[in-house]
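Colleague: Could you walk me through reading a new model? I'd like to go one feature at a time.

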Amino acid sequence: MALHTGRGFAAINYPIGMNLGGDPSQALVHANPDGKFTVALSAIDLGQGMKSVTRQIAAETLGVPVEDVYVDTADSDTGPHDMGSFASRGTHRMGNAVIMAAKEARSVMLDAAAEELEVDPADLVTDGRGNIHVKGAPSRSITTMAAAQAAQFKQGRTIAGRGIFLIPLSEVDPDTGEMTPVSTFAHAAMLVTVEVDDETGEVTVTDMQSAYEVGRALNPRLVEQQLRGGAWMGMSHAAWETTEPYYPARDHGPVDFNSYIMPGPGDLAPHHISVLERPAADGPYGGKGPGEMCANPVLPAVVNAVFDAVGVRIDELPVTPEKVLRALQAQGGAKPRRRL
Amino acid sequence: MTDMVGGNMFEMRKEFFRDERDDNLNEVGKPTRRQDIPGHVTGRSPFFDDHLFDGLLHMRCVRSPHHHARLRRIDTAEAEKMPGVVRILQGRDVPRNLNTLLSLLDFGIDDEPLLSDTKVAYKGEPVAAVIAQTEAQARAAVQKVRVEWDPLPHVLDVEEAIKPGAPVVLDIYPNNKFVYHGKYDHQKLRFGDVEAAFRGADHIVEGRYQMSPIEQAPIETCGAIAAPEQNDRYVCYTSTQGLFFSLGTASKVLTMPSSRLHFIGGTVGGGFGGKVDSIHEPLAILGAMLTGRAVKYAWDREEEMQVGAPRGAERWYLKDGVMRDGRIVARKFTGYFDSGAYTRLSSYAIIKGVGHLPGPYTIPNVYADVYCVYTNRTPATAMRGFGITAVDFAIETHMDKVADVVGMNPIDLRILNAYRDGDMKAHRRIAKNCALIECAQVVAQKAGVTLSPALAAAASTRDGGGARAALPAFTATDEGGRVSGFKSTNYAKKGGRQPDMPGVPAYQSPRTAPPTPNPSPQGGGEPTPPPATPVRTGAMRFSSLSGFRRR
Amino acid sequence: MKTPVTLTLNGAERAAFADPGQNLLEFLRRGVGDLSPKYGCGQGTCGACTVRMNGQTVLSCLVLAEMAQGATIETAAGLATPAMHPLQTAFMDHFAAQCGYCTPGMLVSAKALLDRNATPTRDEVIEAISGNLCRCTGYEPIIAAILSVAQGRIRA
């Protein structure tokens with residue numbers, strides 16, 4: 001009759017984008033006469049922040065404040081093709097397409113400003129606050145609004161851009177499995193502390209310490225959202241949820257949230273996150289995608305922590321009190337390992 | 001930068017890889033408020049169901065209560081007379097009632113009906129769709145549809161399903177296994193010679209790992225509302241994760257040019273991979289086509305849980321050859337993806353998983369056989385970590401076993417075996433941009449775990465490459481699992497022409513030629529002969545991985 | 001036969017016809033046109049449909065529309081006046097929403113808590129939102145947002 005504490009570790013990497021490539025994304029960027037920009041996409045925001053991260057990428061590339069950019073998605077009549085929001089591809093593929101489109105729009109904008117200021121466009125910079133000025137001479141300046149109006153009504157230029165990002169499809173060798181799966185990987189490590197009750201078999205996660213490497217945190221709060229939410233889902237996968245509790249038998253399949261159980265706000269474990277950034281050579285500002293790998297290390301870390309706590313290894317997920325108790329029984333009781 | 005949320009620490013460890021970054025950016029890197037959050041907190045964010053239509057009709061499906069059964073007869077006479085019922089759809093109403101999702105990418109053989117009319121292969125498979133004025137009326141009418149079933153033997157375990165004599169779940173492929181490259185009933189990974197390495201190893205560590213199916217369980221269930229739009233088009237508000245993926249699927253299954261379809265989405269109440277299967281859009285649009293009214297088709301929570309495609313179960317067998325100093329010299333995998341009754345996206349998951357092996361470690365001998373297996377359960381689909389999550393669970397639990405066997409600190413073991421920049425990986429590509437070591441070191445430091453000094457000082461940018469960049473001198477290959485009677489398409493050859501960059505269309509609109517007639521019934525009779533020319537022209541995708549059956 | 005139902009929604013009198021057996025959630029959404037409460041399960045287990053009826057939080061998917069005759073209903077759509085309510089601002093500042101689908105119900109539960117207990121403990125916040133499932137955030141930012149309003153601070 002005891003509570004045993006144990007710690008478990010796991011480390012993973014995660015492929016960014018669809019396997020083998022061949023998953024394109026497109027973007028269109030255009031300015032209205034006031035110099036406010038719309039980014040037209042067909043990407044889907046599932047909550048991961050697609051609309052927000054592409055907005056920041058567009059603003060950065062255009063050299064305008066984020067308040068002057070709006071991301072419009074998804075309407076097949078007005079947005080160009082995108083493969084979809086899955087495989088952690090959104091930031092990487094869509095971000096790159098947005099950069100390409102924004103670069104084209106920016107260059108037209110600078111051409112327009114240069115014509116008004118009677119300078120070479122190569123001498124111009126944007127201040128990120130709505131102004132375009134000569135490098136080193138901030139007084140020789142024009143607002144993006146004035147440049148857009150001149151472009152539209154005087155010069156006959158369209159401040160607009162098109163972008164596409166595609167990693168060409170590659171192939172798989174049937175005999176060796178040789179392939180080019182993706183161009184970049186994200187990474188994670190996780191150490192989980194659990195408490196195992198050897199009388200009830202219940203496993204409680206009491207602490208999570210993690211490090212995630214995401215290429216670049218394009219918006220650290222969006223990254224944190226994913227990492228916290230994803231680790232929570234990982235905890236749920238490890239010890240809570242399944243549609244087939246007696247797989248491969250289909251008996252007792254849950255049909256509502258009373259029986260499809262997930263940790264509630266009272267079941268949370270503190271999660272201390274460290275974020276590393278090793279930019280992807282082909283990522284937008286080096287960004288990779290944290291959306292999927294955030295959950296993965298938690299599953300084995302919990303199983304390993306249970307082993308550390310009581311010496312039983314639950315090789316079939318989810319870890320349930322029933323499985324823990326049966327294993328303890330077979331083993332003749334808890335045998336703490338306490339290696340970490 | 002360190003922050004706390006309710007006792008939860010969050011920090012950016014900028015000192016790692018600092019020389020590879022420019023941190024002086026204007027908007028990137030800022031904690032800017034989400035563009036869509038004002039809509040979320042005011043309830044104005046427009047999810048697919050947040051659109052009002054006059055006279056919206058509701059669709060509910062009649063579903064199989066059996067794991068596996070022949071459909072002898074559907075009698076809708078009584079149901080059609082129920083109050084509020086407008087129309088009842090069956091398989092014969094679907095212009096092209098056989099599809100596989102990845103046919104949009106030229107991968108795989110059409111295997112799944114939108115509404116089954118001859119056989120069902122999982123409990124919950126839809127055989128008719130009732131459209132009525134209210135949801136309650138549709139539910140009541142569903143109860144009055146009489147279906148006569150001939151139950152068939154079913155199989156639910158992946159290793160039982162591939163045995164000779166097992167019930168045939170999907171008769172297109174032999175022994176309930178998807179065929180890869182027209183050549184094998186699984187995907188292989190062969191790098192070096194694991195058997196030789198096992199003979200020389202100090203320890204052999206084996207394990208069996210199982211994940212059971214998991215529901216994506218977004219708070220918003222899957223659904224779509226379709227309505228006739230002006231100008232002889234149909235608008236479809238959808239929860240899909242892939243707007244054009246779903247549009248293309250609807251276009252194919254309904255034999256309707258994509259120019260007549262107007263898909264609107266982009267704001268979805270959680271997806272996690274469960275909103276890719278593109279089932280609701282074609283059915284809702286078909287309902288709108290045949291009634292001339294707006295039609296909503298959405299799963300209720302019970303359907304979302306047991307009929308909606310989950311993360312597929314996976315079973316992995318691992319065998320490691322380990323030296324007493326902790327170096328893993330050989331790793332062998334046998335993996336079984338439980339695809340359920342139809343292929344959907346599982347065929348792709350196996351390739352993705354194989355491309356991920358043996359994990360972020362440099363192991364000189366790697367072997368894998370990974371199978372996509374059909375069973376009589378709800379078809380599986382993508383979920384967060386598709387193709388990766390379950391095998392990583394297996395790998396990292398196995399690593400812990402290895403650490404225990406050799407008596408090594410589990411974090412030290414990871415760092416020792418971790419891949420480094422310049423190392424050759426099992427799928428014959430050089431590792432780059434690695435960071436596993438640094439992540440492990442940060443966690444060890446935070447958790448107060450003392451590492452061995454050499455490993456505490458290791459780095460992804462050091463000690464990789466050189467001899468570790470070499471391909472193995474010898475790789476043992478084999479023709480196990482060879483199948484015959486399947487023809488692969490011409491993209492299979494190594495060194496085949498790559499499409500030019502950029503702008504190779506990965507999506508083609510369907511041909512406008514008349515559709516092929518509905519295929520012969522499944523489970524008996526001749527299988528559909530393959531088309532003489534491919535359905536889709538242009539760049540062939542994944543064609544090396546699919547096969548077309550010939551007699 | 002449809003039944004006329006008149007109620008007060010976010011301070012304004014509204015009326016529509018309820019289908020037989022229609023629940024309050026569908027009545028509010030399709031009958032009246034307030035799309036803020038959401039369908040998540042129809043089984044009373046997820047909280048996405050949470051509204052306040054005569055001051056009490058209820059699961060509108062389990063309430064018959066007819067039972068709301070004459071009732072005072074508050075939904076998330078009524079929080080802004082049009083200035084954002086402190087809870088809405090706190091949710092935005094704390095990144096307490098990702099997909100946003102649970103958010104309207106979550107806000108109704110949070111407001112009901114603060115209306116009856118202006119200084120809840122963390123455990124009291126947890127109990128108040130335990131009927132509102134969130135699949136995206138892991139709950140921590142939501143708890144932090146609610147506590148920040150309770151503690152008189154709006155910024156993180």
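Modeller: Let's look at confidence, then domains, then a contact between chains. Keep in mind that this is a predicted model.

Colleague: Fine, confidence it is. What pLDDT does chain B average?

Modeller: Start with the overall score, then look for weak stretches. Chain B averages a pLDDT of 89, and 87% of the residues score at least 70. The weak stretch to look at is residues 489–551 of chain B, where the pLDDT is below 50. Beyond near neighbours in sequence, that stretch still has 105 contacts in the model.

Colleague: On to domains. How is chain A divided?

Modeller: Check the bounds, since a domain may be written in pieces. In chain A, domain 1 covers 3–16 + 183–331, and domain 2 covers 25–165. Their C-alpha centres lie 39 Å apart.

Colleague: How many residues does each domain of chain A give to the contact?

Modeller: Count both sides: 15 residues come from domain 1 of chain A and 14 residues from domain 2 of chain A. On the domain 1 side, helix H4 (residues 220–239) of chain A gives the most, with three residues. By class, that side of domain 1 has six nonpolar, seven polar and two charged residues.

Colleague: And between chains A and C, which elements of chain C give two or more residues to the side that touches chain A?

Modeller: Same approach: totals, then elements, then classes. Chain C puts in 18 residues and chain A 16 residues. The elements you asked about are helix H4 (122–129) and helix H5 (140–150) of chain C. That side of chain C has ten nonpolar, seven polar and one charged residues.

Methods. Residues are numbered from 1 along each chain as its sequence is written. Chains are lettered from A and ligands numbered from 1 in the order in which they are written. This is a predicted model: local features need pLDDT of at least 70, side-chain atom pairs count only at pLDDT 80 or more; totals for chains, interfaces and linings use all residues. Two residues are in contact if their C-beta atoms, placed from the backbone, lie within 7 Å. Helices (H or I, at least four residues) and strands (E, at least two) are DSSP runs, numbered from the N terminus. Ala, Val, Leu, Ile, Met, Phe, Trp, Tyr, Cys and Pro count as nonpolar, Asp, Glu, Lys and Arg as charged, and the others, Gly among them, as polar. Domain bounds come from an automatic or database domain assignment. pLDDT is the predictor's confidence in each residue, from 0 to 100.
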